[in-house]
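Work through the exercises below with the sequence and the model side by side, and try each task before reading its solution.

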Amino acid sequence: MKPEKNPLEAFLDTQFWLGLKMGINYTQAFPETRNTGFSPINYSADTLQKSYNDFALPGAHMGLEMNFYHRGFSVSFQPAYKRSNYKYNSLLAWSGDNSGNRFETRYDIVQRLDLIELPLMIKYDVIRSGKIRPFVMLGGFNTRILAAQKEVEITQIDYSSGNPLMSDGGSTSLGVKDAFKAFSGVAGGVGLNLDYWNIRTVFEINYKRSLTSATQPNVQQNELASLGETNDEVFLRDFNVSLSFVFPFRFIDSQFKAY
């Protein structure tokens with residue numbers, strides 16, 4: 001005869017959780033197609049390619065976590081506001097007939113994106129009992145762009161004196177929302193649930209990879225366009241570390257009575 005299931009375990013087989021989620025993220029911008037605002041005639045356009053700094057700047061996110069749990073599996077919807085940051089630099093050079101007739105302009109650029117992210121994840125509890133429950137997860141996400149800001153530091157380098165002479169070319173900050181578009185992708189990660197009282201703390205690390213480009217093709221309508229600055233076709237990848245505090249819709253007292 002099959003033993004009767006513990007009433008507490010049976011009650012906890014199905015549960016709804018709702019709470020707040022927050023964390024930090026680091027973004028890599030991967031250029032699928034490289035673009036330049038100039039078409040050089042006496043040197044290769046490859047020298048104008050941008051150099052990207054991978055996972056160099058922290059961002060942040062905050063939102064809700066809504067979970068439906070049943071027998072080890074959870075469907076988790078996690079809408080959030082997210083700030084993603086990445087940086088790159090580009091170098092433009094003008095040269096004359098001899099090596100001394102050379103002038104360079106370097107652009108160090110920080111790109112900030114504010115977006116609404118809509119992930120839907122499937123989680124599986126590796127351990128289904130006890131107060132500490134590790135899990136793995138897999139899913140996808142979609143985004144909506146709220147704002148985009150490009151911050152530019154300009155450095156000018158003059159070689160006419162024989163030694164490089166560097167000078168500050170100023171800085172500027174530009175709104176470039178029209179240069180970006182909604183994108184979607186896949187995600188996966190691991191995490192840990194810690195249960196105490198009627199609260200669950202969720203710690204998770206995940207990796208997200210866009211499957212569609214985040215940038216609009218050939219859109220760079222700002223004062224940098226005349227200087228040759230234009231977006232590459234960029235796909236975003238990021239690591240996210242998050243902490244959530246969620247509460248059950250169904251909970252029990254010391255006598256295992258459902259409320």
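**Exercise 1. The nonpolar core**

Determine how many residues the largest nonpolar core has, which of them have the most contacts inside it, and which elements supply it.

*Solution.* The structure is a predicted model, and its largest nonpolar core has 30 residues, of which Tyr86, Phe180, Phe183 and Leu236 have the most contacts inside it. The elements that contribute two or more residues to this core are strand 1 (14-33), strand 5, strand 6, strand 7 (132-158) and strand 11 (233-248). Strand 7 gives the most, with 7 residues.

The next step is to take one of the well-connected residues, Phe183, and list its surroundings. Once neighbours within four places in sequence are set aside, the contacts of Phe183 include Leu115, Phe141, Ile145 and Leu236, and Leu236 is itself among the core residues with the most contacts. The list for Phe183 also holds Asn142, Thr143, Ser210, Thr212, Ser213 and Ala214.

**Exercise 2. Glu117 and its two lysines**

Find the salt-bridge partners of Glu117 in strands 5 and 10, and decide whether each participant is buried or exposed.

*Solution.* Start from the total, which is 12 salt bridges in this model. One of them joins the side chains of Glu117 and Lys82, with 3.2 Å from N to O. Because Glu117 belongs to strand 6 (residues 102-125) and Lys82 to strand 5 (residues 80-95), this pair ties together parts that are 35 residues apart in sequence.

Glu117 also meets Lys208 in a salt bridge, here with 2.6 Å from N to O. Since Lys208 lies in strand 10 (residues 199-210) and Glu117 in strand 6, the pair connects parts that are 91 residues apart in sequence.

For the burial step, the cut-off is a relative accessible area under 20%. Glu117 has 5% relative accessibility and is therefore buried, Lys82 has 1% and is buried, and Lys208, with 6%, is buried as well. The charged end of Lys208 additionally sits over the ring of Phe141, 6.0 Å from its centre, and Phe141 is one of the contacts of Phe183.

**Exercise 3. Further charged groups**

Identify the salt-bridge partner of Asp108, the members of a salt-bridge network, and the ring over which the charged end of Arg237 sits.

*Solution.* Asp108 meets Arg106 in a salt bridge, with 3.0 Å from N to O between the side chains. Asp108 is partly exposed at a relative accessible area of 26%, and Arg106 is likewise partly exposed, at 31%. A network of salt bridges links Lys21, Glu65, Lys123 and Glu204. As for Arg237, its charged end sits over the ring of Phe30, 4.2 Å from the ring centre.

**Exercise 4. Aromatic pairs**

Describe the geometry of the pair formed by Phe55 and Phe239, and state where in the chain the two residues lie.

*Solution.* A pair of aromatic rings is described by the distance between the centres and the angle between the planes. The whole structure contains 9 aromatic pairs. The pair of Phe55 and Phe239 is tilted, with 5.3 Å from centre to centre and 55° between the planes. It links distant parts of the chain, since Phe55 lies in the loop between strand 2 (51-53) and strand 3 (58-70) whereas Phe239 lies in strand 11, 184 residues apart.

Phe55 is partly exposed, with a relative accessible area of 28%, and Phe239 is partly exposed at 41%. The backbone of Phe55 deserves a separate check: its phi is near 50°, a positive value in a residue other than glycine. Elsewhere, ring pairs join Phe16, Phe68 and Phe249 into a cluster.

**Exercise 5. Strand pairing around strand 10**

Work out how strand 10 pairs with strands 9 and 11, and characterise the turn residue Trp197.

*Solution.* Strand 9 (residues 184-196) pairs with strand 10 in the antiparallel sense over 12 bridges, and Leu194 stands opposite Thr201 in strand 10. These two strands form a hairpin with 2 residues between them. On the other pairing, strand 10 and strand 11 run antiparallel and are joined by 10 bridges, with Ser244 in strand 11 as the bridge partner of Val202.

Trp197 lies in the loop between strand 9 and strand 10. Although Trp197 is not a glycine, it has a positive phi of about 50°, and at 79% relative accessibility it counts as exposed.

Methods
Residues are numbered from 1 along each chain as its sequence is written. This is a predicted model: local features need pLDDT of at least 70, side-chain atom pairs count only at pLDDT 80 or more; totals for chains, interfaces and linings use all residues. Side-chain values use heavy atoms; hydrogens and water are left out. A salt bridge is a side-chain nitrogen of Lys or Arg within 4 Å of a carboxyl oxygen of Asp or Glu. Helices (H or I, at least four residues) and strands (E, at least two) are DSSP runs, numbered from the N terminus. Buried means under 20% relative accessible area, exposed over 50%, partly exposed in between (1.4 Å probe, protein chains only). A nonpolar core is a set of buried Ala, Val, Leu, Ile, Met, Phe, Trp, Tyr and Cys residues joined through side-chain atoms within 4.5 Å. Contact means heavy atoms within 4.5 Å. Rings of Phe, Tyr and Trp (its six-membered ring) pair if their centres lie within 6.5 Å; planes under 30 degrees apart count as stacked, over 60 as edge-to-face and the rest as tilted. A charge sits over a ring if NZ of Lys or CZ of Arg is within 6 Å of the ring centre and within 35 degrees of the ring normal. Two strands pair if DSSP finds at least two bridges between them.
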